[in-house]
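Here are some worked exercises to try with the model open in your viewer. Have a go at each task before you read its solution.

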Amino acid sequence: MERQIRTVPGAQAIARAASLLRLVTAGGADGASLQSLAQAADLSRSTAHRLLSALRAEGLVDRSDDTGRWMPGPELFLMGSVAAARYDITALARDIVRSLAVKTEESAFLSVRRADETVCLLREEGSFPIRSFVLSEGVRFPLGVASAGLAILAFLPDHDVDAYLDRHPELAEGWGRTHGEAALRTRLVETKERGYSVNPGLIVEGSWGLGAAVFDRQGRPEWALSLTGVEFRFSPDRTPELGRILLAHAHQLSARISGARR
């Protein structure tokens, strides 16, 4: 499949531009520097600047005259508004995410699966004054890394999990040896047995997370609800209760999505 895509004229340029769009969007309202974008996209500064300039001419990205940082452009907003009618579930999920934050006192999130990543769509702060800031709207993680992506990956068919791990042998190099295939497969089994995932500070030390998959009408795990907080808030005595609350909210959202799309 990869070889076939590369034979299409212009496919490489489109793939590079799409990668830059994702990275610019992940930079949020503060934007991202040319250096960081080029490095993350594995492009030279000149190539990255040329592509970004072309995207800017089409209104897909913009550049701050004050800081020189790149950020999403007005055309992305217009495109997103149209696409939201089909893909956006934030209106259905917002009160559920808020309820999750209120009942647990931890920060609660909704993430969506996009190909081999999860993207955070909603964040609701809990009332506990010490918080984790690993996740916010627009932040992306590979499947299996953050608790949301681990929950989604765990409930994909086995052949999809195998194919994903074959495509991404670099996970351990990029995210540490705890994301090697053997360790990740162990966490996937544990997640399916529990029903929810646990991330014991594997991204940022001391910042823990729980995730529960949210399913579409066909039973596919396309979204996830998650909680994050400081380690001592996820004690062995408290974590099971947090997991039960999280699963109840995930089931509620799955049911709401199914009912809304009949």
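**Exercise 1. Find how the axes of helix 6 and helix 11 are arranged, and list the residues that make the contact.**

Step 1: fit the axes, which are lines through C-alpha atoms, for helices over the stretch in contact, with angles running from 0 to 180 degrees between N-to-C directions. The axes of helix 6 and helix 11 come within 10 Å and cross at roughly 170 degrees.

Step 2: classify the angle. Helix 6 is therefore roughly antiparallel to helix 11 (under 35 degrees counts as roughly parallel, over 145 as roughly antiparallel, 65 to 115 as roughly perpendicular and the rest as oblique).

Step 3: list the contact, meaning heavy atoms within 4.5 Å. Helix 6 contributes L92, A93, D95, I96, S99, L100, K103 and T104. From helix 11 come L242, I245, L246, H249, Q252, L253, R256, I257 and A260.

Before you go on, a word on the ground rules. This is a predicted model, in which local features need pLDDT of at least 70 and side-chain atom pairs count only at pLDDT 80 or more, while totals for chains, interfaces and linings use all residues. Residues are numbered from 1 along each chain as its sequence is written, and side-chain values use heavy atoms, with hydrogens and water left out.

**Exercise 2. Put the two helices in the setting of the whole chain.**

Step 1: count the elements. The protein chain has 11 helices and eight strands (DSSP runs numbered from the N terminus: helices are H or I with at least four residues, strands are E with at least two).

Step 2: look at burial. Of the 262 residues in the protein chain, 45% are buried (buried is under 20% relative accessible area, exposed over 50%, partly exposed in between, with a 1.4 Å probe and protein chains only).

Step 3: look at sequence range. Among contacts in the protein chain with a separation of 6 or more, 55% join residues 24 or more positions apart.

**Exercise 3. Which residues touch the most other members of the largest nonpolar core, and which element gives the largest share?**

Step 1: build the core as a set of buried Ala, Val, Leu, Ile, Met, Phe, Trp, Tyr and Cys residues joined through side-chain atoms within 4.5 Å. The largest one has 28 residues, and L110, L225, L246 and L253 touch the most other members.

Step 2: assign the elements. Those giving two or more residues to this core are helix 6 (90-104), strand 3 (107-114), strand 4, strand 7 (207-215), strand 8 (221-230) and helix 11. Helix 11 provides the largest share, seven residues.

Step 3: zoom in on L246. Not counting residues up to four places away in sequence, L246 touches L100, Y196, L210, G211, A212, L225, S226 and L227.

Step 4: check for another core. A second, separate core of 18 residues includes F141, A146, L153 and L165.

**Exercise 4. How many salt bridges does a search of the whole structure find, and how exposed are the partners in three of the pairs?**

Step 1: run the search, taking a salt bridge as a side-chain nitrogen of Lys or Arg within 4 Å of a carboxyl oxygen of Asp or Glu. It finds 14 salt bridges.

Step 2: take E117 and R140, whose side chains meet at 3.0 Å, N to O. This pair links distant parts of the chain, with E117 in strand 4 (residues 117-124) and R140 in strand 5 (residues 140-142), 23 residues apart. E117 is partly exposed at 26% relative accessibility, and R140 is partly exposed at 25%.

Step 3: take E125 and R123, with their closest N and O atoms 2.8 Å apart. E125 is partly exposed at 30%, whereas R123 is buried at 14%.

Step 4: return to helix 11 (residues 239-260), where E241 and R244 lie three residues apart, about one turn of the helix. Their salt bridge is 2.8 Å, N to O. E241 is partly exposed at 38%, while R244 is exposed at 52%.

Step 5: look for linked pairs. E105, E106, R233 and R238 form a network of salt bridges.

**Exercise 5. Where do E105 and A115, two residues with positive phi, sit?**

Step 1: E105 has a phi near 70 degrees and is found in the loop between helix 6 and strand 3. With a relative accessible area of 35%, E105 is partly exposed.

Step 2: A115 has a phi of about 60 degrees although it is not a glycine. A115 is placed in the loop between strand 3 and strand 4 and is exposed at 59% relative accessibility.
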